[in-house]
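Here is a short report on one protein chain and its two sheets. Please have a look at the model before reading on.

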Amino acid sequence: MNVRQRTITKEISASGVGLHTGANVTITFCPAAENHGFKFQRVDLNGQPVIDADADNVTDTSRGTTITQNGASVSTIEHVMASLIGMDLDNVLIKLDGPETPIMDGSSIQFIDLLEEAGTIEQNADREYFTIPHNITYTEADRKVEIVAMPLDDYRFTCMIDYNSPVLGSQHAGINTIAEFKKEIASCRTFCFLHELEYQLQHNLIKGGDLNNAIVIVDKEVTKDELNHLAKLFNRKDIDVAPQGILNNMELRYQNEPARHKLLDMIGDLALVGMHLKGHIMAARPGHAANVAFAKKIKAAIRKEKNKKIQKVYDPSAKPLYDVTQIMEILPHRQPFLFVDKILELSKNHVVGLKNVTINEEFFKGHFPGAPVFPGVIQIEAMAQVGGILVLSTVPDPSNYLTYFLKIDNVRFRAQVSPGDTIIFRCDLLEPIRRGIAQMKGVGMVGEKIVVEAEMMAQISKVKQTEPV
């Protein structure tokens, strides 16, 4: 049985301070359309830029996870991302009026409470999972970091931390399914060692820290004068060391709360893969940098699996869904500007088409005639024509419509295309078509190699002519 995508039923907000910036910030969770995914929006900046919650957009992992896109950044996103996964959501827009998410109590539980108050709703589109196909590993020998994802028809986590600390020791945490997140993991707070706290205070790096949002582990001998100094900095009457070896600003919620919080961070960082996962993730000594690097390895595995699916589609002897004659009944383009030879697959959300590249193409007469290369701009045009089949399939009389480019983003040409090659294009809708506006992600492949990819926005426009022009 297919699982449907989910979003929240209404907007809901909370305010707090950023742990590192100390800036007051309001976070607003907003419902989002199908296939929207998780995105942040900086409503305090000109143009209110949107930042995709994507591992490829991570720009800093030194004191939390920071993402940057469209000239804007949002930092310390991991606790918010973990709450979205823990609530089994797919599509949410997170608006912020500052550069960092609020730290709240240092865990995800207050975000979980907000999302539960907003309520969740099932959407029409099916959720797409990535099931780990084989063991995917990541190691950092110098930090003794080891992470592995193994095949499993669920989402399970096991985490071990070991900082060579006599106070903290070696700790383990785990959940058998993501449904256990709220009860077992969400309330576990961030932690730091006393020597780290002192360094950060000296360098003005935790402007929003107030000892209510972090467990401080005392990993060295500390004098009463030092404790009094800390109490003064944090406006406390007094601070002491509790029997568990932590500052007595708070009590542990679990004996292994630090390990559970590391697991929380890992869930949040791996949400940047951009898909719900099925697999067993086991990690030793994880951190934000390792988590993000591992998320990128999983993204690479996703691309590889998708590429295999595209390749399996094409059988030269099989009858296409549309041949070139049928394509001309839908698209207005004609030679020498028709760049689609076959349509192989078509659904509500995706299309697969084919272009045979031959030396007979008109542009090869003038485009590097001594070393012919299929022009990149025409690859994009061919991809757009394949996407046009998908868009025009949504109207009953496609011959009366045209599609026009509005925007092309994130174009990458990864390899040359030469005469004799066959390019297979796949275009997927990034979100449902609304008011005639379609947003698609396109990928072009020759064999098992990606040669071009781009994100495109187009508008369907009805014309008076009933015949192609």
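The text below starts with the whole chain and then turns to each sheet.

This is a predicted model, in which local features need pLDDT of at least 70, side-chain atom pairs count only at pLDDT 80 or more, and totals for chains, interfaces and linings use all residues. Residues are numbered from 1 along each chain as its sequence is written, and side-chain values use heavy atoms, with hydrogens and water left out.

**The chain as a whole**

The chain has 9 helices and 24 strands; these are DSSP runs numbered from the N terminus, with helices being H or I of at least four residues and strands E of at least two. Its C-alpha trace spans about 85 × 45 × 45 Å along the principal axes. Of the 469 residues, 50% are buried, that is, under 20% relative accessible area with a 1.4 Å probe, counting protein chains only. Among contacts (heavy atoms within 4.5 Å) with a separation of 6 or more, 71% join residues 24 or more positions apart.

**The sheet of 5 strands**

One open sheet has 5 strands in the order 2-3-9-4-5, with mixed pairing; two strands pair if DSSP finds at least two bridges between them. Its edges are strand 2 (12-17) and strand 5 (50-52), each of which pairs on one side only. On average, neighbouring strands here are turned by 25° against each other, direction ignored. Two helices lie across strands of this sheet: helix 1 crosses strand 3 (24-31), strand 4 and strand 9, while helix 2 crosses strand 2 and strand 3.

**The sheet of 6 strands**

A further open sheet has 6 strands in the order 19-20-22-23-24-21, with antiparallel pairing. Strand 19 (342-346) and strand 21 (401-413) each have a single partner strand, so one side of each is left without a neighbour in the sheet. Helix 9 packs on this sheet and touches strands 19, 20, 21, 22, 23 and 24.

Where do strands 21 and 24 (residues 449-462) pair, and over how many bridges? They run in the antiparallel sense over 10 bridges, and T403 has I460 in strand 24 as its bridge partner.

The table gives helix directions; axes are lines fitted to C-alpha atoms, for helices over the stretch in contact, and angles run from 0 to 180 degrees between N-to-C directions.

| Helix | Reference strand | Angle |
|---|---|---|
| Helix 1 (residues 78-86) | strand 4 | about 140° |
| Helix 2 (residues 109-118) | strand 2 | about 165° |
| Helix 9 (residues 376-392) | strand 21 | about 130° |
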